[in-house]
Amino acid sequence: MIKFITKRLLIAIPTLLIIIAFGFIMMRVAPGGPFTNERALPPEIERNIQEAYNLNKPLYEQFFIYIKNLSVGDFGPSFKYKDFTVNELIISGLPVSATLGLSSIIISLFLGSFLGIIAAVKRNTYFDYSVMSVSLVGICVPSFVMAPILSLFFGLYLGILPTSGWNGGSILNLILPITALSLPQIAVISRMMRASTIEVLNSNFIRTARSKGLKSSYIIRKHVIRASILPIIEYLAPASAGLMTGSIIVEQIFGLPGIGRYFVVGALQRDYTLVSGVMILYASLLIILILITDILRAYLDPRVKI
Amino acid sequence: MQSTQKNIKNNDLLLEVNNLNVFFNTTDGLIKAVNNINLSINKGECLGVVGESGSGKTQTFFSITGLLSNNGYCKGSAIFKGFDLISSSKKERMKYLGKSIGFIFQDPMTSLTPHMKIGDQLSEISIFHDNLTKKESLKRALEVLDIVKLPKSRNLITSYPHELSGGMKQRIMIAISLMCSPELIIADEPTTALDVTTQSEILNIFNDLKNQLGISIILISHNIGVIAETSDNIIVMKDGSIVENGSTYNVLTNPQDKYTKLLLSCIPPWLDV
């Protein structure tokens, strides 16, 4: 187990390097730079700035300097938020994004699986039909449409929930963003769970369990769920990627001080270090999540050995 | 081959099926899979059911035990020890399923839950039906594994199905059906997926169950050779109906129906049946 985890973490290093290099090149290739303004700066000042940020050096040298700093955990200074380093920005934004992302993934995992199982057990009933049609809406309507609608309805018309702001992480402020973020995932997960549960329910070993005269609820709990949740575990990593990109939009709409907005603002303003920093963070999170997924799968399915 | 089961005493009757019909709702309309079947089995007797694929032999016994798929339903009666399995509610039928009636399926490879330890799959049934504790039922599991002649029983308890061979899995299936000391075991093609050596070992276990523990066995198979070895009586099915029934000896030596004759002619002449 420990051998497996170390091996996977070591493999992750070249993966991350490739992602860093790719991001580095993409940002430099994009026209303009962090200090391009409508009004051109005097050449002396521009030279000074470029020197301060090592921008006057050749590209490969800049890359090596960046990697060298990264290896000691220094993401470098932000180009646009002048008084902050990227580390400080990420540390200030991460709790917000992490709260949002983690609660969304936990809620969508549990609610989605739960709805999926019930829909599968009661298939072709009104419950099944309503869950499936609502989830179809959830899949079709993207979160950047859902978020303003929720905000408008619950925040303005009903006036029961705040439309934006973080407010020190109060639950009332979190309800709407988490809902907007989880709805599409709940929809996808419930549909996947329904399909896989139906497949498991029709399998031979469930017939055996039924021939033992066991209670249906017991059969679902002990025999069905562990087999039918496997595809959902596989989906966990792509779902998290979806939640991360979704959170960028949702944080913007609800005015939350997470790291998502740094990603957008950084990319628009060519804040090279900030974009790279957030990208590395997202990539590492995903790599760790995929690792957790593999461990979970081995735990759930004894046929998978790690 | 003993075949003097003619003098049936009424109190020996274990299961009696009367006018059983099984239907399936399909997109092509209603399909009748089993047509007016009557059969009976006594205590300690082995009944062999032969027929080709799709002759309704499996569905007959699925319908009795409530294992029909969702689009299927049945009419008729199946009296097990004075209790009608078909007209009763699911809840009442479940008291008999697994407890007094054990079921063994065709494909041992996929018939065990892949993510549960063998010990749990064995013990859950007597925890549920006999209110045993986990410890007691694991002890019972070891006894049962001994009956089906599985070696190293203690290791088996903690292993998973994929770690066992096909023959071992089928023995585990038989062990599961034996957990609550049933009076009837329905074995649906128990040897079809196994090689010939394992087949004869499994059939020997069935003979032991019948002769030593006095369990009645319904042996469903398309292989008349398998049936001939173990059963006292034979039913031959075709297209959902019974075309011939009688004692094994009579059916094999003096078949009346054309289809039975055809079935018997399928056995190569150098085999001694």
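**View 1. Chain A is built from helices.** In this predicted model, chain A has 12 helices and zero strands. Read from the N terminus on, the elements go α-α-α-α-α-α-α-α-α-α-α-α, so to speak a one-letter alphabet. The C-alpha trace of chain A spans about 85 × 55 × 30 Å along its principal axes. Of its 306 residues, 33% count as buried. Take the contacts in chain A with a separation of 6 or more: 73% of them come from residues 24 or more positions apart.

**View 2. How confident is the predictor about chain A?** The mean pLDDT of chain A is 88, and 100% of its residues reach 70 or more. Which helix has the lowest confidence in chain A, and which the highest? Helix α2 of chain A (residues 43–52) is lowest, with a mean of 82, while helix α8 of chain A (residues 204–211) is highest, at 93.

**View 3. Here chain A meets chain B.** On the chain A side, 18 residues are in contact with 23 residues of chain B. Helices α8 and α9 (216–228) of chain A each bring at least two residues to this side. Which element gives the largest share? That is α8(A), with seven residues. As for chemistry, the chain A side divides into six nonpolar, six polar and six charged residues.

**View 4. A:Ile139 meets residues from further along the chain.** Look for A:Ile139 in helix α5 of chain A, which covers residues 126–140. Leaving out residues up to four places away in sequence, A:Ile139 touches A:Pro184, A:Ala187 and A:Val188. One of these, A:Ala187, sits 48 residues away from A:Ile139 along the chain, yet their C-alpha atoms are separated by 5.9 Å. Is A:Ile139 buried or partly exposed? It has 15 C-beta neighbours inside 10 Å, so A:Ile139 counts as partly exposed; being buried would take 20 or more.

**View 5. Helix α11 of chain A has several buried residues.** This helix covers residues 260–268. Buried here are A:Gly260, A:Arg261, A:Tyr262, A:Phe263 and A:Gly266. What do the buried residues of α11(A) pack against? Their partners are three other helices of chain A: α4 (86–121), α10 (230–253) and α12 (272–300). After α11(A) comes A:Arg270, with a positive phi near 55°. For background, most residues other than glycine have a negative phi.

**View 6. Four strands of chain B make an open sheet.** Now switch to chain B, where the strand order is β2-β1-β4-β5 and the pairing is antiparallel. In general, strands of a sheet pair through backbone hydrogen bonds. Which strands sit at the edges? They are β2 (29–42) and β5 (83–84) of chain B, each pairing on one side only. Helix α1 of chain B (residues 57–64) packs on the sheet, where it touches β1 (13–26), β2 and β4 of chain B. The direction of α1(B) makes about 105° with that of β1(B).

**View 7. A hairpin joins β1 and β2 of chain B.** There are two residues between β1(B) and β2(B) in this hairpin. The two strands pair in the antiparallel sense over 10 bridges. To find your way along the pair, start at B:Leu15, which stands opposite B:Ile41 in β2(B).

**View 8. Strand β4 of chain B is joined to β5.** How many bridges join β4(B) to β5(B)? Two bridges do the job, with β4(B) covering residues 72–80 and the strands running antiparallel. B:Phe80 has B:Phe83 in β5(B) as its bridge partner. In the loop between β4 and β5 of chain B you'll find B:Lys81. Phi of B:Lys81 is positive, near 50°, and the residue isn't a glycine. B:Lys81 has 14 other C-beta atoms within 10 Å, which means that it is partly exposed.

**View 9. Another positive phi turns up at B:Asp239.** The place to look is the loop between β9 (233–238) and β10 (241–247) of chain B. Phi of B:Asp239 is near 50°, again a positive value in a residue other than glycine. B:Asp239 counts as partly exposed because 15 other C-beta atoms lie within 10 Å.

Note on methods:
Residues are numbered from 1 along each chain as its sequence is written. Chains are lettered from A and ligands numbered from 1 in the order in which they are written. This is a predicted model: local features need pLDDT of at least 70, side-chain atom pairs count only at pLDDT 80 or more; totals for chains, interfaces and linings use all residues. Two strands pair if DSSP finds at least two bridges between them. Two residues are in contact if their C-beta atoms, placed from the backbone, lie within 7 Å. Axes are lines fitted to C-alpha atoms, for helices over the stretch in contact, and angles run from 0 to 180 degrees between N-to-C directions. A residue is buried if 20 or more other C-beta atoms lie within 10 Å of its own, exposed if 12 or fewer, and partly exposed in between; C-beta atoms are placed from the backbone. pLDDT is the predictor's confidence in each residue, from 0 to 100. Ala, Val, Leu, Ile, Met, Phe, Trp, Tyr, Cys and Pro count as nonpolar, Asp, Glu, Lys and Arg as charged, and the others, Gly among them, as polar.
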